[in-house]
2 protein chains.
Amino acid sequence: MEFNRRIRKESLKNKIMSAREASNFIVDGMTVATSGFTPSGYPKKVPIEIAKRAESGEKIKISLITGASVGDELDGELSRSGVIERRYPYQTQKDMRDNINNGDTFYADHHLSHVPQHIDYGYYGQIDVAIIEALCITEDGGIVPTTSVGISPQAIKNADKIIIEINTAQPLALEGVHDIYMTEKPPLRKHIPIYKSDDRIGKTYIDCDESKIVAIVESDTPDDVRPLGEIDENSKKISNFIIDFLGEEVEKGRLPKNLLPLQSGVGSVANAVLGGLIDSDFTDLTCYTEVIQDSMFDLIDAGKVKFASGTSFTPSEEGLKRLFDNTEHYAKHCILRPMEISNNPEIIRRLGIIAMNTAIEIDIYGNVNSTNIMGTRMMNGIGGSGDFTRNGYLTIFTTVSTAKNGDISSIVPMVSHVDHTEHDVHVVVTEQGIADLRGLAPKERSRKTIENCAHPDYKELLLDYVDRAEEGKYKHTPHIIDEALSFHERFIGTGSMKKEKKGLLKRVL
Amino acid sequence: MEFNRRIRKESLKNKIMSAREASNFIVDGMTVATSGFTPSGYPKKVPIEIAKRAESGEKIKISLITGASVGDELDGELSRSGVIERRYPYQTQKDMRDNINNGDTFYADHHLSHVPQHIDYGYYGQIDVAIIEALCITEDGGIVPTTSVGISPQAIKNADKIIIEINTAQPLALEGVHDIYMTEKPPLRKHIPIYKSDDRIGKTYIDCDESKIVAIVESDTPDDVRPLGEIDENSKKISNFIIDFLGEEVEKGRLPKNLLPLQSGVGSVANAVLGGLIDSDFTDLTCYTEVIQDSMFDLIDAGKVKFASGTSFTPSEEGLKRLFDNTEHYAKHCILRPMEISNNPEIIRRLGIIAMNTAIEIDIYGNVNSTNIMGTRMMNGIGGSGDFTRNGYLTIFTTVSTAKNGDISSIVPMVSHVDHTEHDVHVVVTEQGIADLRGLAPKERSRKTIENCAHPDYKELLLDYVDRAEEGKYKHTPHIIDEALSFHERFIGTGSMKKEKKGLLKRVL
């Protein structure tokens with residue numbers, strides 16, 4: 001049978017057991033690290049069994065470390081059954097997010113490039129068990145990942161015990177698409193010899209100490225992929241502003257004709273922004289990014305993108321079918337790397353990535369909030385945006401200028417939480433326009449951002465703030481501390497950042 | 001004569017002219033890049049002549065780019081004469097700072113590792129003139145830097161015209177201490193082959209296109225070095241907390257016995273913190289940092305530090321004498337590199353630097369303000385702290401728990417400006433204690449930071465804020481947006497962050 005054939009190392013076959021049996025290796029108080037980056041390549045069978053045990057009354061609380069977000073069978077099931085006491089470094093699942101925001105789960109969102117080395121350095125404590133979804137196990141006992149790589153190499157290296165879920169729903173044709181390279185810990189660390197997006201420097205599987213494998217479980221559950229939204233008018237406008245801007249940079253001699261490798265964040269807007277390139281004049285593009293979404297397949301098929309390096313395939317349901325129907329074709333144009341490599345500052349700075357990420361809100365001085373709505377409500381996490389933003393050649397943040405039917409302005413006097421500082425943000429883009437902030441002093445950035453990017457409904461309010469702030473004594477980063485967060489206070493108090501709404505807090509009037 | 005002997009390339013001797021004549025190459029509207037990093041190795045003669053011309057009524061406004069802060073002859077003279085319209089990326093000179101805060105000078109503080117590549121990428125526009133202090137010019141026309149390297153390689157590479165100030169007050173024995181290595185721009189950039197602090201990978205001089213040299217000027221002005229404060233009780237306490245913590249990390253197997261390369265920020269506190277190591281049991285230490293201050297000489301002489309890599313010597317007056325009296329001795333233990341290399345993320349992450357930097361204020365969730373007092377008053381700039389903090393193995397921030405005779409708490413509910421986010425800050429240290437925040441969720445960080453690091457006068461106020469914030473709906477990063485900046489509002493309104501002071505803003509009571 002297919003499952004058995006995928007275990008090519010005979011001596012491991014005595015580790016085959018049911019998901020329920022395997023789940024018993026995970027007990028209360030453990031730290032568990034798993035494969036998975038976005039709802040791709042995460043374990044799907046063992047987590048459900050852990051959840052069942054918890055639901056039957058067994059006390060199981062664990063710390064869970066993954067590459068990034070994962071599917072419902074992991075974050076969803078374990079959140080609903082109250083198993084996840086502590087969670088790193090990123091999530092998007094509704095029940096997981098609720099547990100974080102209601103205080104039931106301790107969550108810390110970390111730069112994704114930091115996570116693999118934090119595991120290596122022991123900063124998360126000992127990893128008791130790794131649960132890894134695999135395509136197959138090689139003759140040498142190497143573990144071949146599926147649709148993502150994420151932290152799997154470091155989880156396998158550092159865990160006391162390893163559980164493998166071999167997923168026969170993932171096509172074997174994916175074998176060979178991965179490029180597994182690991183760094184040493186300081187002081188022995190060497191350089192990472194990647195000089196182009198398509199450089200292959202490692203193996204197609206993860207080395208694994210056979211004696212640590214305690215269970216091999218059969219799985220046939222497909223990735224819990226998410227739909228990608230339609231490419232709407234605002235995304236098109238944002239995409240066009242970026243394409244025009246990149247064209248001007250080429251004309252000014254600051255970018256090669258085929259640009260530099262592109263990175264684009266996760267989700268519908270990022271997918272749409274990247275997808276807009278299909279109508280541009282750019283060709284021979286390369287991508288060095290985290291996730292390969294549907295629009296990348298379009299760009300590859302249109303001959304726009306020559307090569308894409310990422311740490312996961314993150315398609316919609318249709319995109320997944322397209323990938324699986326044409327795996328060999330896309331595998332020629334794609335590499336999946338460990339996230340220590342896909343997000344590595346060394347490589348990002350060397351290749352000169354053009355980083356495009358989305359923001360929740362951006363302030364007039366160029367600081368970006370990517371995580372906490374109104375300063376307190378965790379959305380997903382910083383993910384890899386900081387890795388690319390800090391180290392990129394050009395760093396661009398996009399946001400639609402308003403949210404909540406216009407009651408929230410995405411451009412505010414001071415962001416309520418900072419994930420990316422003024423020192424890292426080059427260009428801000430909304431559907432209203434684009435503001436190139438490079439080289440500008442804060443008091444120049446403010447007016448340019450408001451003029452070019454804020455929604456007309458909020459321009460007057462924002463300019464009024466700037467005018468009055470600039471009357472203060474200190475004119476470098478002019479703020480009225482008492483009013484810096486007044487837009488947020490107004491929203492919390494009245495349901496709108498607009499001034500004319502009823503019930504406005506007195507202090508604001 | 002000495003000056004003439006230092007121009008070893010005969011064909012360049014016809015470029016010798018007075019500082020006044022040379023200054024005429026700089027006219028209104030130009031962008032000027034100079035040598036200098038801290039008050040070390042910056043040009044001292046030509047800037048004064050530019051200032052004189054401006055004071056005589058000539059209209060001269062320039063953009064000035066340096067490595068970091070520079071001495072009075074450059075930032076001071078040009079600020080007082082109103083010449084600096086725009087300034088990058090760091091400063092500490094009083095008149096310069098005043099001009100920034102009163103709105104006369106457009107200033108943007110950038111990560112120091114970004115500045116050299118921003119010059120290369122053209123993000124500051126064309127560099128019209130570079131003014132470089134040199135020890136000598138080699139037979140091949142190479143420019144040998146003096147007590148700092150900073151951005152000199154990129155300034156020389158990119159400027160249309162170059163003015164050299166040969167400073168005979170800088171001892172020729174410094175020749176050989178520099179290691180000049182330059183990176184290509186993407187997509188041609190390669191890895192930087194440094195694997196240990198003392199790896200030499202480049203030349204001892206900066207290559208220079210002879211045809212761009214328009215003037216060579218004689219100088220004999222010593223560096224305008226600044227005194228270093230006494231090592232006070234608070235610094236000793238902070239230093240001891242760090243030493244004990246590092247010892248524990250060694251015991252836990254997370255650090256080698258001789259640690260990993262140390263980075264320590266600029267100034268008296270940083271000097272004192274590093275200096276504290278002299279009484280520790282650590283030996284065979286190495287440093288990979290920006291500035292080599294007095295305490296480094298102590299540590300070298302005590303056999304504690306084997307090797308220090310930096311981009312400048314930044315000693316006190318006594319330290320400078322000591323360096324010059326023993327140049328050959330210290331040159332055996334020190335390298336000066338371009339700041340693109342000293343601050344490079346690739347190297348910092350590879351070597352696994354232990355980064356120790358100072359903060360103006362730190363919030364309960366681990367965000368750090370390094371630059372803007374009360375959110376608006378620019379102090380110096382972010383400098384290289386972000387390069388080391390983001391990419392270090394361990395990142396530590398120190399601050400004394402109060403300022404202004406106790407009226408300011410350095411631990412606040414929300415910092416009024418963010419330079420380093422919660423995602424980057426591992427450990428917080430004050431004279432009260434140390435808080436290891438690694439792996440903690442925000443709501444754990446808050447209580448630990450307050451308990452361990454806040455001054456007793458402010459603990460109750462801070463805990464009261466946390467208690468009430470945690471009663472809110474969203475419990476991941478609990479904040480009361482309306483009160484998040486209330487400590488600052490109180491200080492601005494009453495002169496103290498303490499609650500019992502008179503004249504308190506009504507809203508706070």
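Which residue just after α10(A) takes a positive phi? In this predicted model, the residue is A:Gly303, whose phi is about 75 degrees. The helix that precedes A:Gly303 is α10 of chain A, which runs over residues 294–301 and is mostly covered, six of its eight residues being buried. Those buried positions are A:Asp294, A:Ser295, A:Met296 and A:Phe297, together with A:Leu299 and A:Ile300.

From this local detail one can step back to the chain as a whole. Chain A contains 18 helices and 26 strands. Its radius of gyration is 23 Å, close to the 23 Å given by the globule rule for 509 residues, so chain A is as compact as a globular protein of that length. The C-alpha trace spans about 75 × 55 × 45 Å along the principal axes of the chain, and 67% of the 509 residues count as buried. Among the contacts in chain A with a separation of 6 or more, 73% are made by residues 24 or more positions apart.

The surface and the charges complete this overall view. The accessible surface of chain A comes to about 16,400 Å², and carbon and sulfur atoms account for 48% of that area. Chain A carries 60 positive and 76 negative side chains, and the centres of these two sets lie 3 Å apart.

Within chain A, seven strands form an open sheet with parallel pairing, in the order β4-β3-β2-β1-β5-β8-β9. The edges of this sheet are β4 (106–107) and β9 (213–219), each of which pairs on one side only. At the β9 end, the partner is strand β8 (residues 161–167) of chain A, which pairs with β9(A) in the parallel sense over six bridges. Following that pairing to individual residues, one finds A:Asn167 standing opposite A:Ser219 in β9(A).

A last stop is A:Tyr121, which is found in helix α6 (residues 114–121) of chain A. Is this residue buried or exposed? A:Tyr121 is buried, because its relative accessible area is 3%, and the cut-off for a buried residue is under 20%. Leaving aside neighbours within four places in sequence, A:Tyr121 is in contact with A:Lys185, A:Pro186 and A:Arg189, and also with B:Arg254 and B:Tyr393 of chain B. By contrast, A:Ala134 lies 13 residues from A:Tyr121 in sequence, while the two are 25 Å apart in space, C-alpha to C-alpha.

Technical notes: Residues numbered from 1 in each chain as written. Chains lettered and ligands numbered in written order. Predicted model: local features only at pLDDT ≥ 70, side-chain atom pairs only at ≥ 80, totals over all residues. Heavy atoms only, no water. Helix = DSSP H or I, 4+ residues; strand = E, 2+ residues; numbered from the N terminus. Rg over C-alpha atoms; globule rule 2.2 N^0.38 Å. Buried < 20%, exposed > 50% of the residue type's maximum accessible area, 1.4 Å probe, protein only. Contact = heavy atoms within 4.5 Å. Areas by Shrake-Rupley, 256 points an atom, 1.4 Å probe, with all protein chains shown as cover. Lys, Arg positive; Asp, Glu negative; His and termini not counted. Charge placed at Lys NZ, Arg CZ, Asp CG, Glu CD. Pairing = 2+ DSSP bridges.
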